[in-house]
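Let's take a walk through this structure together, starting from one side chain and working outwards. Keep the sequence and the 3D view open as you read.

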Amino acid sequence: MAKPLLKLQRYFRRKPVRFFSFILLYLTAGSLVFLHSGFVGGSGPGSGGGRNSVVASEMGSRTSVSGTRGLGIVSRVFKETRRSGRRYGPPWMKKARQEGQETVRRGGDYTNNWNRALKGRSAKEVDNGRAKYVGCHIDDTQKRALRGVSFFDYKKMTVFRCQDNCAERGYMYAGLEFGAECYCGHKIQAPNTSDSECNMECKGEKSNLCGGANRLSIYRLELSQESARRYGSAIFKGCFHRPDNVTLALPFSTVIQNMSVDKCVDMCTEREKTLAVLAGDRCHCGFPTPLFSLHEPEDEGMCLSRCHGQEFESCGNDEYFVAYQTQVQDNRCMDRHFLPTRAKQLVALASFPGAGNTWARHLIELATGFYTGSYYFDGSLYNKGFKGERDHWRSGRTICIKTHESGRKEIESFDSSVLMIRNPYKALMAEFNRKYGGHIGFASQAHWKGKEWPEFVKNYAPWWASHTLDWLNYGKIVHVVHFENVKRDLFSQLKGMVQFLGLKVSEERLLCVEGQKDGNFKRSGLRKLEYDPYTPEMRANINELIRTVDASLRKRNISGVPEEYMPR
């Protein structure tokens with residue numbers, strides 16, 4: 001190898017002009033590649049046979065572009081320098097979808113990005129996890145169908161602009177009227193009517209309809225139900241009646257001139273309080289407690305008193321308060337440690353893979369203050385704070401032990417068990433995503449559309465049923481919990497689990513858990529499949545399995561599976 005290099009060196013030493021010409025051509029070619037990548041960075045999959053590009057999850061993985069890998073790397077570097085400084089925005093507006101490609105973006109004009117991505121499609125067709133068309137509803141100027149904030153734009157109003165503004169303010173519904181008016185709300189308070197009555201074109205988008213005369217085209221902002229129900233950096237919690245003892249329930253308060261949501265949230269954030277509560281021109285700060293638990297929301301129309309500093313916001317009044325959750329972490333439930341003495345009984349936290357076991361562990365650890373263990377060892381979970389992961393499952397130092405096992409011998413080795421059951425349609429998809437994308441990642445389109453998915457359903461669907469039946473048959477003492485019920489009523493379901501574990505319930509810890517329920521292992525809703533992966537044959541088999549499990553639960557005087565499981 002040394003001889004050819006030596007010859008090349010002697011050649012260029014004799015021909016310096018050729019050497020410098022070669023360097024100049026090399027630099028010119030590199031510059032052209034760099035500039036070209038900046039212009040083609042937003043294009044589709046390139047020349048790689050039209051394959052779907054694989055988009056990484058929010059963990060920060062990058063998009064790979066078939067056939068143009070070198071250009072793609074430079075393109076990503078080029079794009080990173082063009083980020084906008086916009087701070088807030090609902091999560092579902094932070095991904096601009098282009099045909100054949102998804103690119104993670106942060107900041108920028110989310111409305112324009114989404115409009116470009118959906119150009120040429122009817123707004124009513126856009127219901128894939130972002131916003132779903134509900135219908136045309138009657139609207140009355142004296143009694144609005146949506147009673148949140150509103151704004152008008154008689155030149156540039158579009159469906160997506162209205163949805164963007166409502167979602168960013170934390171509302172669940174967005175409605176358009178007269179082609180130019182946008183109304184937001186958390187509840188539809190008027191009857192629907194024929195879609196033909198919502199017949200006025202949007203002022204800024206002739207291809208879409210924006211309601212009619214006293215008629216609202218209403219959309220449900222699908223992902224605004226949880227993480228995207230926010231205003232700026234705060235999450236909207238609802239309208240609540242004034243607590244009996246305000247001073248004790250919300251210990252810090254002050255009067256703010258020209259009150260706005262931002263001002264109250266900023267003040268409570270500075271004082272490291274998790275709740276910002278607006279009552280007219282007074283701002284209260286505190287934590288959720290039994291005196292102000294956020295469990296009994298009132299009709300939001302009771303809080304519709306405009307803020308003095310921001311006319312499109314509601315600041316509540318002396319009797320009805322508007323509550324927001326700040327970004328301050330509630331530390332009342334963050335301390336965790338091993339059991340002080342060895343446990344006399346081994347309690348299993350059993351579930352089929354993909355049924356929310358890791359999430360349940362997170363909730364139990366926060367609610368009890370004790371680490372959970374595992375029948376297995378997962379280094380990624382240990383690194384995320386599940387310190388009981390490294391202990392042997394028989395160590396007796398953890399409050400319960402995660403397991404997916406379903407054999408008689410394994411089940412009978414536990415003295416009791418919390419059995420977590422989830423809708424098989426959801427559980428199978430969650431486990432498939434974990435198998436091919438990690439704990440909070442996603443399987444690629446190639447996996448969904450290839451042979452892996454049918455084979456997976458064929459093998460795993462029967463296991464979903466047999467797993468539950470085995471624990472019901474061989475488990476000594478079984479406490480059944482449904483994933484969907486925990487999501488619906490976290491406080492009471494988690495309280496029942498803590499009591500089953502033989503521990504004293506701390507309501508303040510449970511209220512703290514409600515504010516931090518997602519943890520680090522909640523898969524984002526942004527990557528919903530745009531088609532149903534289940535074939536009719538798959539559905540027929542799974543439906544029969546659901547009926548079998550439901551009958552087995554009822555036979556043991558346990559409530560059957562939730563209604564949404566049952567075949568329709």
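A good place to begin is R539, which has a relative accessible area of 30% and is therefore partly exposed. Please bear in mind as we go that this is a predicted model. R539 has a salt-bridge partner in D532, and the closest N and O atoms of the pair are 2.9 Å apart. D532 also counts as partly exposed, because its relative accessibility is 43%.

R539 takes part in a helix contact as well. On one side, helix 11 contributes P424, Y425 and L428; on the other, helix 17 contributes R539, I542, N543 and I546. Sorted by class, the residues of this contact are five nonpolar, one polar and one charged. If you look along the two elements, helix 11 covers residues 424–437 and helix 17 covers residues 536–555. Their axes are 10 Å apart, and the helices pack at an angle of about 115 degrees.

Let's step back to the whole chain for a moment. The protein chain has 568 residues, and 48% of them are buried. Its secondary structure comprises 17 helices and 21 strands. How far apart in sequence are the residues that its contacts join? Among contacts between residues at least 6 apart in sequence, 72% join residues at least 24 apart. The chain exposes about 28900 Å², with carbon and sulfur atoms supplying 50% of that area.

For a view of the interior, turn to L349 in strand 17, which spans residues 347–351. Is L349 buried or exposed? Its relative accessibility is 1%, so L349 counts as buried. Beyond its neighbours within four places in sequence, L349 is in contact with a list of residues including N357, A360, I364, C400, I401 and V418. Charged side chains belong to that list too, among them R361 and K402. Another link across the sequence is the pair L349 and M420: they are 71 residues apart along the chain, yet their C-alpha atoms are separated by 7.4 Å.

Now back to charge pairs. Side chains of opposite charge can pair when their charged atoms come close. A search of the whole structure finds 16 salt bridges. One of the pairs to look at joins D391 and R397, with 2.7 Å from N to O. The two partners differ in their cover: D391 is buried because its relative accessible area is 15%, whereas R397, at 36% relative accessibility, counts as partly exposed.

A second pair sits within one helix. R408 lies in helix 10, residues 408–412, and forms a salt bridge with E412, where the closest N and O atoms are 3.0 Å apart. The two residues are four apart in helix 10, about one turn of the helix. Both are partly exposed, R408 with a relative accessible area of 49% and E412 with 35%. R408 also comes within 7.0 Å of D470, C-alpha to C-alpha, although 62 residues separate them in sequence. Elsewhere, D139, R144 and E177 are linked in a network of salt bridges.

We can finish on the surface. Which residues make a nonpolar patch there? I23, Y26 and L27 do, and the patch has an area of about 320 Å². I23 is placed in helix 2, which runs over residues 16–40. With a relative accessibility of 34%, I23 counts as partly exposed.

Notes:
Residues are numbered from 1 along each chain as its sequence is written. This is a predicted model: local features need pLDDT of at least 70, side-chain atom pairs count only at pLDDT 80 or more; totals for chains, interfaces and linings use all residues. Side-chain values use heavy atoms; hydrogens and water are left out. Patches are made of residues with over 30% relative accessible area and no salt bridge: like charges are joined within 9 Å, nonpolar side chains (Val, Leu, Ile, Met, Phe, Trp, Tyr) within 5 Å. Accessible areas come from the Shrake-Rupley method with a 1.4 Å probe; for residues, only the protein chains shown count as cover. A salt bridge is a side-chain nitrogen of Lys or Arg within 4 Å of a carboxyl oxygen of Asp or Glu. Buried means under 20% relative accessible area, exposed over 50%, partly exposed in between (1.4 Å probe, protein chains only). Axes are lines fitted to C-alpha atoms, for helices over the stretch in contact, and angles run from 0 to 180 degrees between N-to-C directions. Contact means heavy atoms within 4.5 Å. Ala, Val, Leu, Ile, Met, Phe, Trp, Tyr, Cys and Pro count as nonpolar, Asp, Glu, Lys and Arg as charged, and the others, Gly among them, as polar.
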